[in-house]
Amino acid sequence: MPELNKANRQVCDVDIRVLKTMAPFLKFDTANTTTAGLSGDSVYAMAKGSRKIAFANPLEGTMSIEAQVYPFKFFSLLSDGVIETTAAYADSKVVTCETEGELTLTVENGEIKAGTVFVYPEGQFGDETAVIIGTFADGKFTETATSDKQIIQNSNYEVSYIVTRTSGVKKISFNNKKLPKDYFITMSTVDKDEEGLLTPFVMTAYKATIQRNFELSFNSEGDPASVTLNFDLMEDKDGNIFDMIELTDDAE
């Protein structure tokens with residue numbers, strides 16, 4: 001019986017494993033677009049201006065995953081795959097003075113870094129001429145003693161600071177010391193033939209290395225933010241690069 005033609009209109013589910021250990025890293029089934037491709041050009045020996053003998057260059061390949069719905073761990077592929085639990089970032093809030101000359105400053109699940117606290121009267125945030133001079137220690141900002149107090153009871157003040165959190169936080173760091181791992185990636189979809197039969201179709205990349213370039217764009221209008229990760233397909237220690245697999249016994 002002749003083989004029926006097939007077509008596809010279903011994005012792949014993606015299984016990503018750490019190549020060194022083959023331990024599962026991320027099972028990703030919310031991609032909008034997944035791609036895989038190979039290229040292998042040739043060079044030619046010429047005779048009288050015509051191509052006579054071809055020499056094939058090594059195969060080059062890429063995979064990509066484009067998604068609008070994704071877990072935070074998705075971005076760790078661009079770093080060393082590690083999610084840290086300590087982070088520092090800038091924050092600010094409005095504080096009401098309860099005791100003249102001082103402000104009580106606390107942050108949930110974190111600590112304010114000394115030397116980073118700046119206090120302004122409400123409505124003058126960032127105005128260098130309005131900044132109130134003082135010191136911060138033990139959760140309190142104390143105004144430097146002057147004859148004319150600027151921090152007055154029941155008045156509001158805008159306070160800026162750097163906070164370090166060690167609880168309830170996830171962080172992925174990007175720097176030149178954190179190098180991405182190599183991954184074994186499987187992309188799975190189903191093909192549909194002319195009689196409506198669905199046949200699982202699988203693509204395997206034996207050694208995928210992520211391209212360390214990405215862009216985050218946030219907009220209040222239009223489509224939700226989209227992220228695309230691109231991988232280069234490398235040759236593993238056994239010479240494998242990429243397989244296309246059809247699971248005929250699993251057709252239904």
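This is a short tour of strand pairings and salt bridges in a predicted model.

**Stop 1: the small open sheet**

Start by selecting strands 9, 13 and 12, which form an open sheet in that order with antiparallel pairing. Strand 9 (102-104) and strand 12 (134-137) are the edges, each pairing on one side only. If you fit axes, neighbouring strands here are turned by 15° against each other on average, ignoring direction.

Now narrow the selection to strand 12 and strand 13 (residues 140-143), an antiparallel pair with 4 bridges. Show side chains for F136 and you'll find F141 of strand 13 standing opposite.

**Stop 2: strand 15 and its partners**

Next, pick strand 15 (residues 182-193). Which strand pairs with strand 15 over 2 bridges? That's strand 1 (residues 6-7), running antiparallel to strand 15; look for A7, whose bridge partner is K192.

Move on to strand 2 (residues 13-18), also antiparallel to strand 15 and joined to it by 6 bridges. Click I16 here: its bridge partner in strand 15 is I185.

Then add strand 16 (residues 198-210), which is antiparallel to strand 15 and linked to it through 10 bridges. One spot to label is M187, with M203 of strand 16 as its bridge partner. Follow the hairpin of strands 15 and 16 round its 4 intervening residues, and stop at G196, which takes a positive phi near 90°.

**Stop 3: salt bridges**

Time to switch to charged side chains. How many salt bridges are there by the distance rule? The count is 8.

Select E3 and K6 for one of them: the closest N and O atoms are 3.4 Å apart. E3 is exposed at 62% relative accessible area, while K6 is partly exposed at 31%.

Go to E84 and K171 next, where the closest N and O atoms of the salt bridge are 3.8 Å apart. E84 sits in the loop between strand 7 (60-67) and strand 8 (87-96), and K171 in the loop between strand 14 (156-165) and strand 15, so this pair ties together parts 87 residues apart in sequence. Both residues count as partly exposed, with relative accessibility of 24% for E84 and 27% for K171.

For the last pair, select K237 and D238, with 3.5 Å between the closest N and O atoms of their salt bridge. K237 is exposed at 78% relative accessibility, and D238 is exposed too, at 55%.

Finish by selecting D80, E84, K171 and K178 together: salt bridges with shared partners join them into one network.

Technical notes:
Residues are numbered from 1 along each chain as its sequence is written. This is a predicted model: local features need pLDDT of at least 70, side-chain atom pairs count only at pLDDT 80 or more; totals for chains, interfaces and linings use all residues. Side-chain values use heavy atoms; hydrogens and water are left out. Two strands pair if DSSP finds at least two bridges between them. Axes are lines fitted to C-alpha atoms, for helices over the stretch in contact, and angles run from 0 to 180 degrees between N-to-C directions. A salt bridge is a side-chain nitrogen of Lys or Arg within 4 Å of a carboxyl oxygen of Asp or Glu. Buried means under 20% relative accessible area, exposed over 50%, partly exposed in between (1.4 Å probe, protein chains only).
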